[in-house]
Amino acid sequence: MRNVRIFHLDAFAERLFAGNPAAVCLMDAWLPVPVMQAIAAENRLSETAFLVPEDPGGFGTGDGAAAGPFHLRWFTPTTEMPMCGHATLAAAHVVLSRLAPEAPAVVFRTRGGLLHVARDPEADDRLCLSLPRERLTGIEPRPALLRAITAALGGVAPAAVLEGRHDWYVLVEDPAEVEAIRPDAAAIAALPPRAVAVASLADGASLADGADYVCRFFAPKLGVPEDPVTGIVHAGLAPLFADMLARDRLDGLQLSPRRGRVTVMPRPDHVVLTGRVVEYSEGRLALNRLDVERTTAAALAVGRLPLTLAAGAGLRARG
């Protein structure tokens, strides 16, 4: 039986059953990629994070400074992600509450580079996550594409369209339009970008509950029709709105059905996102050697795993 502890947590949440739920799998060594993808699909959450210590001897607690480093990967129900905010915050909560309760921070090695999460010096129940700044550039869609965006968003017309590294950011004039969107998932998936964020300055709107801006994020291509709270989206929107408002600290509210509030502080090359994590459950995966072998072999049989990767993917994984 593989020793895999699993936690379910709500990130960027003011209470349980709010914010963005994530699963965090705590392991002593990597599982094969098809198995991690299958676990994420079984969890059916926006992201499942997989956490392995860099020290093969176990989970270290640091030397009084930052804990780690830990290796961290994220999977949606269908895809491995290059970057994820909310599941990183959730993984940091697991490390700082279970493995390194005296450490002030934790460091993760990821496909997107080193990520740091620190305890908030202003509130002991909040964590501060530093993400790379998502730089946005304006684009001018042709009329046919503009009509397609409007239709995909249920008739909400863009005031501007911006492009990030992977996603589009659609700005609208009225924050009420953000809440009113009835997305067409198939139409959004047919658009060129990986996913689409929609946002507006709040301008005192009551639906924003005091936040400076509101947003939503739709990613059906990634198996996530609507993400409840999306760190990378705020890493793109906050610098944009901070420039508009001449502020260096903003509150963003993601208007998904679960709602999620993020305090954001843009910096020249990164963005600090602050939020709470609320634990929901803790347990262990009932995963044995045969499960690992069969899942990996099945992925190889249908061509989902290259032969070069399969050679070291855990077909002889320890039980």
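The following exercises, each with a worked solution, concern the predicted model shown above.

Residues are numbered from 1 along each chain as its sequence is written, and side-chain values use heavy atoms, with hydrogens and water left out. Local features need pLDDT of at least 70 and side-chain atom pairs count only at pLDDT 80 or more, whereas totals for chains, interfaces and linings use all residues.

**Exercise 1. Overall dimensions**

Determine how the radius of gyration of the protein chain relates to that of a compact globule.

Solution. The radius of gyration is taken over C-alpha atoms, and the globule rule is 2.2 Å times the number of residues to the power 0.38. For 319 residues the rule gives a value near 20 Å; the protein chain has 20 Å, which therefore agrees. Along its principal axes, the C-alpha trace spans about 55 × 50 × 30 Å.

**Exercise 2. The surroundings of valine 35**

Establish whether valine 35 is buried or exposed, and identify the residues that it touches.

Solution. Begin with the location: valine 35 belongs to helix H1 (residues 33–43). Helices (H or I, at least four residues) and strands (E, at least two) are DSSP runs, numbered from the N terminus. Next, apply the accessibility classes: buried means under 20% relative accessible area, exposed over 50%, partly exposed in between (1.4 Å probe, protein chains only). Valine 35 counts as buried because its relative accessibility is 3%. Finally, list the contacts (heavy atoms within 4.5 Å). Not counting residues up to four places away in sequence, valine 35 touches Leu287, Val292, Thr295 and Thr296. The C-alpha atoms of valine 35 and leucine 287 are separated by 9.7 Å, although these residues are 252 apart along the chain.

**Exercise 3. The nonpolar cores**

Identify the residues with the most contacts inside the largest nonpolar core.

Solution. A nonpolar core is a set of buried Ala, Val, Leu, Ile, Met, Phe, Trp, Tyr and Cys residues joined through side-chain atoms within 4.5 Å. The largest has 60 residues, and Trp74, Val95, Val106, Phe108 and Leu237 have the most contacts inside it. Helix H2 (residues 86–99) supplies the largest share of this core, nine residues. A second, separate core of 22 residues includes Ile149, Val178, Ile181 and Leu207.

**Exercise 4. Backbone geometry**

Locate the cis peptide bond and describe the backbone at alanine 246.

Solution. The cis bond joins glycine 68 and proline 69, with omega about 10 degrees; proline 69 lies in strand S4 (residues 67–75). Alanine 246, which is not a glycine, has a positive phi near 55 degrees. Alanine 246 occurs in the loop between helix H6 (231–245) and strand S14 (250–254), and counts as exposed because its relative accessibility is 71%.
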